[in-house]
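Please look over the sequence and the three-dimensional structure shown here, and keep both in view while you read. The paragraphs that follow go from a single residue to the chain as a whole and then back to some of its parts.

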Amino acid sequence: MPKQLPPWLFYDQAGSLLFERITELPEYYLTHIERELLAAHAGEMIAVAAGAHRLSLIELGAGSADKTRTLLAAALAHQGTVEYQPVDVSRTALEAACRRIECELPMVTANPVVADYTREWTAEDSGTGIGDRKLLLWIGSSIGNFEPAAAIALLRRINRTMRAKDGLLLGVDLTPRDGGKRTEDLVAAYDDSAGVTARFNRNILVRLNRELGADFNLDSFAHRAVWNVDQSRMEMHLESLAAQTVKLDALELTVEFEAGERLHTENSYKYKIDQAEALMNEAGFPVTRRWTDAEGWFAVLLGLKI
Ligand code: AVI
(Lines give C-alpha, C1' and ligand atoms only; values in the text may rest on other atoms or scores of the structure.)
Protein backbone atom coordinates (compact mmCIF):
# COMPACT_ATOMS: atom_id res chain seq x y z
CA MET A 1 0.00 0.00 0.00
CA PRO A 2 1.65 3.33 -1.07
CA LYS A 3 2.21 5.70 1.84
CA GLN A 4 0.21 8.91 1.84
CA LEU A 5 -0.68 11.89 4.01
CA PRO A 6 -3.79 14.11 3.77
CA PRO A 7 -3.05 17.52 2.16
CA TRP A 8 -4.86 19.52 4.88
CA LEU A 9 -1.75 18.84 6.96
CA PHE A 10 0.12 21.42 4.84
CA TYR A 11 -1.76 24.35 6.31
CA ASP A 12 -0.31 25.11 9.73
CA GLN A 13 0.86 28.69 10.17
CA ALA A 14 4.19 28.15 8.39
CA GLY A 15 2.53 26.16 5.60
CA SER A 16 -0.13 28.84 5.02
CA LEU A 17 2.63 31.47 4.73
CA LEU A 18 4.57 29.25 2.32
CA PHE A 19 1.42 28.81 0.24
CA GLU A 20 1.00 32.61 0.09
CA ARG A 21 4.59 32.78 -1.22
CA ILE A 22 3.79 30.12 -3.83
CA THR A 23 0.98 32.29 -5.17
CA GLU A 24 3.54 35.04 -5.83
CA LEU A 25 6.01 32.83 -7.72
CA PRO A 26 6.38 33.52 -11.45
CA GLU A 27 5.94 29.78 -12.19
CA TYR A 28 2.66 29.49 -10.26
CA TYR A 29 0.57 30.86 -13.14
CA LEU A 30 -2.74 29.77 -11.56
CA THR A 31 -3.02 32.79 -9.25
CA HIS A 32 -1.73 35.28 -11.82
CA ILE A 33 -4.17 34.24 -14.55
CA GLU A 34 -7.14 33.93 -12.22
CA ARG A 35 -6.38 37.38 -10.81
CA GLU A 36 -6.32 38.81 -14.36
CA LEU A 37 -9.61 37.12 -15.21
CA LEU A 38 -11.24 38.52 -12.08
CA ALA A 39 -9.80 42.01 -12.70
CA ALA A 40 -11.08 42.02 -16.28
CA HIS A 41 -14.52 40.50 -15.70
CA ALA A 42 -15.57 41.01 -12.06
CA GLY A 43 -18.28 43.53 -13.04
CA GLU A 44 -19.83 41.07 -15.47
CA MET A 45 -19.52 38.15 -13.03
CA ILE A 46 -21.35 40.08 -10.34
CA ALA A 47 -23.99 41.45 -12.76
CA VAL A 48 -24.85 37.98 -14.13
CA ALA A 49 -24.93 36.42 -10.65
CA ALA A 50 -27.02 39.24 -9.15
CA GLY A 51 -29.61 39.84 -11.89
CA ALA A 52 -31.89 42.47 -10.39
CA HIS A 53 -31.12 41.40 -6.82
CA ARG A 54 -28.71 42.17 -4.03
CA LEU A 55 -25.89 39.70 -3.80
CA SER A 56 -24.04 38.40 -0.77
CA LEU A 57 -20.74 36.62 -1.22
CA ILE A 58 -19.62 33.46 0.54
CA GLU A 59 -16.11 32.15 0.03
CA LEU A 60 -14.97 28.58 0.68
CA GLY A 61 -11.38 28.32 1.94
CA ALA A 62 -10.92 32.08 1.76
CA GLY A 63 -7.37 32.18 3.18
CA SER A 64 -5.97 35.69 2.66
CA ALA A 65 -8.95 36.54 0.38
CA ASP A 66 -6.53 38.53 -1.71
CA LYS A 67 -8.19 38.04 -5.12
CA THR A 68 -11.66 38.33 -3.62
CA ARG A 69 -11.32 42.07 -3.13
CA THR A 70 -11.82 42.60 -6.88
CA LEU A 71 -15.18 40.84 -6.68
CA LEU A 72 -16.16 42.68 -3.52
CA ALA A 73 -15.34 46.03 -5.16
CA ALA A 74 -17.51 45.05 -8.14
CA ALA A 75 -20.35 44.05 -5.80
CA LEU A 76 -20.06 47.42 -4.04
CA ALA A 77 -20.28 49.20 -7.40
CA HIS A 78 -23.42 47.14 -8.10
CA GLN A 79 -25.29 47.68 -4.82
CA GLY A 80 -23.43 50.06 -2.47
CA THR A 81 -22.96 47.65 0.45
CA VAL A 82 -22.24 43.94 0.57
CA GLU A 83 -22.18 41.11 3.07
CA TYR A 84 -19.24 38.79 2.78
CA GLN A 85 -18.79 35.50 4.59
CA PRO A 86 -15.34 33.94 4.28
CA VAL A 87 -15.15 30.34 5.55
CA ASP A 88 -11.80 28.88 6.48
CA VAL A 89 -10.20 26.57 9.05
CA SER A 90 -7.55 29.17 9.86
CA ARG A 91 -8.77 31.80 12.34
CA THR A 92 -5.61 33.89 11.98
CA ALA A 93 -5.87 34.00 8.17
CA LEU A 94 -9.54 34.99 8.38
CA GLU A 95 -8.96 37.72 10.94
CA ALA A 96 -6.14 39.25 8.91
CA ALA A 97 -8.21 39.05 5.70
CA CYS A 98 -11.26 40.68 7.30
CA ARG A 99 -9.21 43.49 8.90
CA ARG A 100 -7.72 44.31 5.53
CA ILE A 101 -11.04 44.15 3.67
CA GLU A 102 -12.90 46.29 6.19
CA CYS A 103 -10.07 48.80 6.07
CA GLU A 104 -9.87 48.98 2.27
CA LEU A 105 -13.58 48.45 1.53
CA PRO A 106 -15.47 49.85 4.55
CA MET A 107 -18.90 49.24 2.98
CA VAL A 108 -18.26 45.50 3.10
CA THR A 109 -19.55 43.73 6.23
CA ALA A 110 -17.43 40.66 6.81
CA ASN A 111 -18.83 37.78 8.89
CA PRO A 112 -15.99 35.27 9.05
CA VAL A 113 -16.72 31.66 9.94
CA VAL A 114 -14.01 29.38 11.25
CA ALA A 115 -15.10 25.99 9.93
CA ASP A 116 -14.05 23.08 7.81
CA TYR A 117 -16.39 23.46 4.82
CA THR A 118 -15.70 19.89 3.76
CA ARG A 119 -17.50 18.69 6.89
CA GLU A 120 -19.84 20.73 9.01
CA TRP A 121 -20.54 23.97 7.14
CA THR A 122 -23.56 24.60 4.84
CA ALA A 123 -24.77 27.73 3.02
CA GLU A 124 -27.76 27.85 5.40
CA ASP A 125 -25.32 29.04 8.04
CA SER A 126 -24.54 32.16 6.03
CA GLY A 127 -27.44 34.20 7.46
CA THR A 128 -28.16 36.01 4.18
CA GLY A 129 -31.31 38.16 4.25
CA ILE A 130 -34.56 37.12 2.54
CA GLY A 131 -34.65 38.25 -1.08
CA ASP A 132 -30.90 38.29 -1.45
CA ARG A 133 -29.01 36.03 -3.79
CA LYS A 134 -25.92 34.21 -2.67
CA LEU A 135 -22.82 33.79 -4.72
CA LEU A 136 -20.59 30.99 -3.51
CA LEU A 137 -16.93 31.51 -4.42
CA TRP A 138 -14.70 28.47 -4.75
CA ILE A 139 -11.73 29.97 -6.51
CA GLY A 140 -7.97 29.39 -6.62
CA SER A 141 -8.35 25.91 -8.14
CA SER A 142 -9.09 24.54 -4.66
CA ILE A 143 -11.41 22.03 -6.32
CA GLY A 144 -8.28 20.41 -7.78
CA ASN A 145 -7.26 19.10 -4.36
CA PHE A 146 -10.42 16.95 -4.16
CA GLU A 147 -11.15 13.69 -5.93
CA PRO A 148 -13.68 14.65 -8.66
CA ALA A 149 -16.46 12.53 -7.07
CA ALA A 150 -15.78 14.10 -3.66
CA ALA A 151 -15.90 17.60 -5.20
CA ILE A 152 -19.31 16.84 -6.76
CA ALA A 153 -20.61 15.40 -3.48
CA LEU A 154 -19.42 18.47 -1.56
CA LEU A 155 -21.00 20.90 -4.03
CA ARG A 156 -24.27 18.94 -4.11
CA ARG A 157 -24.46 19.03 -0.32
CA ILE A 158 -24.01 22.81 -0.32
CA ASN A 159 -26.32 23.23 -3.32
CA ARG A 160 -29.16 21.60 -1.37
CA THR A 161 -28.94 24.41 1.20
CA MET A 162 -29.12 27.16 -1.44
CA ARG A 163 -32.03 28.69 -3.35
CA ALA A 164 -32.86 28.82 -7.05
CA LYS A 165 -30.59 31.29 -8.89
CA ASP A 166 -27.99 31.31 -6.15
CA GLY A 167 -24.64 30.96 -7.87
CA LEU A 168 -21.31 29.19 -7.79
CA LEU A 169 -18.19 30.90 -9.14
CA LEU A 170 -15.53 28.25 -9.66
CA GLY A 171 -11.85 28.76 -10.51
CA VAL A 172 -10.46 25.74 -12.40
CA ASP A 173 -6.96 24.97 -13.61
CA LEU A 174 -7.13 23.44 -17.09
CA THR A 175 -5.27 20.44 -18.55
CA PRO A 176 -2.26 20.92 -20.85
CA ARG A 177 -3.15 20.97 -24.55
CA ASP A 178 -1.45 21.28 -27.94
CA GLY A 179 -0.35 24.81 -28.67
CA GLY A 180 -1.14 25.95 -25.12
CA LYS A 181 -0.01 24.99 -21.63
CA ARG A 182 2.72 22.33 -21.74
CA THR A 183 3.36 19.59 -19.20
CA GLU A 184 6.63 21.42 -18.39
CA ASP A 185 4.68 24.55 -17.43
CA LEU A 186 2.56 22.50 -15.08
CA VAL A 187 5.52 20.74 -13.49
CA ALA A 188 7.38 24.06 -13.05
CA ALA A 189 4.34 25.47 -11.21
CA TYR A 190 4.71 22.66 -8.63
CA ASP A 191 8.52 22.53 -8.59
CA ASP A 192 9.62 26.16 -8.73
CA SER A 193 13.23 27.27 -9.19
CA ALA A 194 13.35 29.06 -5.81
CA GLY A 195 12.39 25.85 -3.98
CA VAL A 196 9.37 27.34 -2.19
CA THR A 197 7.06 24.48 -3.16
CA ALA A 198 9.70 21.99 -1.99
CA ARG A 199 9.71 23.73 1.42
CA PHE A 200 5.90 23.73 1.44
CA ASN A 201 5.90 19.99 0.76
CA ARG A 202 8.56 19.20 3.39
CA ASN A 203 6.80 21.41 5.92
CA ILE A 204 4.35 18.54 6.38
CA LEU A 205 7.27 16.58 7.94
CA VAL A 206 8.25 19.56 10.09
CA ARG A 207 4.69 19.55 11.39
CA LEU A 208 4.70 15.82 12.14
CA ASN A 209 8.02 16.21 13.96
CA ARG A 210 6.61 19.01 16.11
CA GLU A 211 3.08 17.77 16.71
CA LEU A 212 3.55 14.02 16.82
CA GLY A 213 7.09 13.80 18.15
CA ALA A 214 8.30 12.29 14.86
CA ASP A 215 11.94 12.23 13.82
CA PHE A 216 11.80 12.76 10.05
CA ASN A 217 15.17 13.89 8.73
CA LEU A 218 14.17 16.59 6.23
CA ASP A 219 17.35 16.26 4.20
CA SER A 220 16.64 12.65 3.42
CA PHE A 221 13.31 13.35 1.68
CA ALA A 222 13.26 14.97 -1.76
CA HIS A 223 10.37 16.96 -3.21
CA ARG A 224 8.90 15.39 -6.36
CA ALA A 225 6.23 16.96 -8.60
CA VAL A 226 4.83 14.57 -11.21
CA TRP A 227 2.19 14.94 -13.94
CA ASN A 228 -0.05 11.86 -13.92
CA VAL A 229 -1.55 11.96 -17.39
CA ASP A 230 -3.93 9.02 -16.82
CA GLN A 231 -5.52 10.66 -13.79
CA SER A 232 -5.16 14.22 -15.18
CA ARG A 233 -3.53 15.45 -11.99
CA MET A 234 -0.33 16.92 -10.65
CA GLU A 235 0.98 14.87 -7.77
CA MET A 236 3.37 15.89 -5.02
CA HIS A 237 5.45 13.27 -3.25
CA LEU A 238 8.32 13.16 -0.77
CA GLU A 239 10.86 10.59 -1.90
CA SER A 240 13.01 8.83 0.66
CA LEU A 241 16.63 9.17 -0.46
CA ALA A 242 17.79 6.20 1.62
CA ALA A 243 16.42 3.20 3.44
CA GLN A 244 15.41 4.61 6.81
CA THR A 245 13.20 4.18 9.86
CA VAL A 246 11.08 7.02 11.24
CA LYS A 247 9.46 7.06 14.66
CA LEU A 248 6.26 8.94 15.53
CA ASP A 249 6.31 8.91 19.32
CA ALA A 250 2.80 10.29 19.90
CA LEU A 251 1.33 7.46 17.80
CA GLU A 252 3.74 4.83 19.15
CA LEU A 253 4.45 4.08 15.50
CA THR A 254 7.57 3.13 13.58
CA VAL A 255 7.57 3.49 9.78
CA GLU A 256 10.13 1.93 7.43
CA PHE A 257 11.01 3.60 4.12
CA GLU A 258 12.93 1.93 1.32
CA ALA A 259 15.37 3.99 -0.75
CA GLY A 260 13.31 5.65 -3.51
CA GLU A 261 9.98 4.98 -1.79
CA ARG A 262 7.51 7.85 -2.09
CA LEU A 263 5.15 9.41 0.41
CA HIS A 264 2.21 10.88 -1.57
CA THR A 265 1.18 14.26 -0.14
CA GLU A 266 -1.12 15.98 -2.68
CA ASN A 267 -3.17 15.68 -5.85
CA SER A 268 -4.13 18.70 -7.96
CA TYR A 269 -6.64 17.63 -10.58
CA LYS A 270 -6.74 19.53 -13.87
CA TYR A 271 -9.86 19.60 -16.03
CA LYS A 272 -10.81 20.13 -19.64
CA ILE A 273 -13.31 22.96 -19.74
CA ASP A 274 -16.20 20.70 -20.78
CA GLN A 275 -15.35 18.27 -17.94
CA ALA A 276 -15.49 21.17 -15.48
CA GLU A 277 -18.86 22.22 -16.89
CA ALA A 278 -20.18 18.67 -16.63
CA LEU A 279 -19.02 18.56 -13.01
CA MET A 280 -20.89 21.80 -12.22
CA ASN A 281 -24.00 20.46 -13.96
CA GLU A 282 -23.86 17.31 -11.89
CA ALA A 283 -23.47 19.37 -8.75
CA GLY A 284 -26.65 21.32 -9.60
CA PHE A 285 -25.06 24.55 -10.87
CA PRO A 286 -25.52 24.56 -14.69
CA VAL A 287 -22.94 26.88 -16.21
CA THR A 288 -24.24 30.15 -17.64
CA ARG A 289 -20.94 31.96 -18.29
CA ARG A 290 -17.27 31.07 -18.60
CA TRP A 291 -14.14 33.20 -18.76
CA THR A 292 -10.71 31.90 -19.82
CA ASP A 293 -7.40 33.49 -20.78
CA ALA A 294 -6.60 33.62 -24.51
CA GLU A 295 -4.42 30.48 -24.36
CA GLY A 296 -6.83 28.44 -22.25
CA TRP A 297 -4.65 27.85 -19.17
CA PHE A 298 -7.26 28.63 -16.51
CA ALA A 299 -11.03 29.13 -16.36
CA VAL A 300 -13.56 30.83 -14.12
CA LEU A 301 -17.07 29.38 -14.49
CA LEU A 302 -20.36 30.75 -13.22
CA GLY A 303 -23.26 28.37 -12.64
CA LEU A 304 -26.69 29.20 -11.25
CA LYS A 305 -28.82 26.76 -9.32
CA ILE A 306 -31.98 25.86 -11.24
C1 AVI B 1 -4.39 25.20 -2.67
N2 AVI B 1 -4.20 24.44 -3.91
C3 AVI B 1 -5.17 24.85 -4.93
C4 AVI B 1 -2.82 24.46 -4.42
C5 AVI B 1 -2.72 23.62 -5.71
O6 AVI B 1 -2.29 24.17 -6.73
O7 AVI B 1 -3.11 22.46 -5.68
C8 AVI B 1 -1.83 23.94 -3.38
C9 AVI B 1 -0.44 23.85 -3.93
N10 AVI B 1 0.31 22.78 -3.91
C11 AVI B 1 1.47 23.06 -4.46
N12 AVI B 1 1.46 24.31 -4.89
C13 AVI B 1 0.27 24.82 -4.55
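Does Trp-297 count as buried or exposed? In this predicted model, the relative accessibility of Trp-297 is 15%, and because buried means under 20%, Trp-297 counts as buried.

The surroundings of such a residue are easier to follow once the whole chain has been described. The protein chain has eight helices and 14 strands. Its radius of gyration is 20 Å, which is close to the 19 Å given by the globule rule for 306 residues, so the chain is as compact as a globular protein of that length. Taken along the principal axes, the box filled by the C-alpha atoms is roughly 65 × 45 × 35 Å. Of the 306 residues, 53% are buried, while the accessible surface of the chain comes to about 13900 Å², with 52% of that surface belonging to carbon and sulfur atoms. When contacts with a separation of 6 or more are considered, 72% of them are accounted for by residues 24 or more positions apart.

We can now turn to the aromatic rings, for which the count comes to 14 aromatic pairs. One of these pairs is formed by Tyr-29 and Trp-297, whose rings lie 4.9 Å apart, centre to centre, with 90° between their planes, an arrangement that is edge-to-face. This pair links distant parts of the chain, since Tyr-29 belongs to helix 2 (residues 29–50) and Trp-297 to the loop between strand 13 (287–292) and strand 14 (298–304), with the two positions 268 residues apart. Tyr-29, at 6% relative accessibility, also counts as buried. Elsewhere in the sequence, Phe-10, Tyr-11, Phe-19, Tyr-28, Tyr-190 and Phe-200 form one aromatic cluster.

Rings can also lie beneath a charge, and here the charged end of Lys-3 sits over the ring of Phe-257, 5.1 Å from the centre of that ring.

The last part to follow is a sheet, in which four strands are arranged in the order 1-12-9-8; this sheet is open, and its pairing is mixed. Strand 1 (3–4) and strand 8 (221–228) stand at the edges with a single partner strand each, and therefore one side of each is left without a neighbour in the sheet. Strand 1 and strand 12 (residues 262–269) run parallel and are joined by two bridges. If you look for Gln-4, you will find that its bridge partner in strand 12 is His-264.

How values were computed
Residues are numbered from 1 along each chain as its sequence is written. This is a predicted model: local features need pLDDT of at least 70, side-chain atom pairs count only at pLDDT 80 or more; totals for chains, interfaces and linings use all residues. Side-chain values use heavy atoms; hydrogens and water are left out. Rings of Phe, Tyr and Trp (its six-membered ring) pair if their centres lie within 6.5 Å; planes under 30 degrees apart count as stacked, over 60 as edge-to-face and the rest as tilted. Buried means under 20% relative accessible area, exposed over 50%, partly exposed in between (1.4 Å probe, protein chains only). A charge sits over a ring if NZ of Lys or CZ of Arg is within 6 Å of the ring centre and within 35 degrees of the ring normal. The radius of gyration is taken over C-alpha atoms; the globule rule is 2.2 Å times the number of residues to the power 0.38. Contact means heavy atoms within 4.5 Å. Accessible areas come from the Shrake-Rupley method with a 1.4 Å probe; for residues, only the protein chains shown count as cover. Two strands pair if DSSP finds at least two bridges between them.
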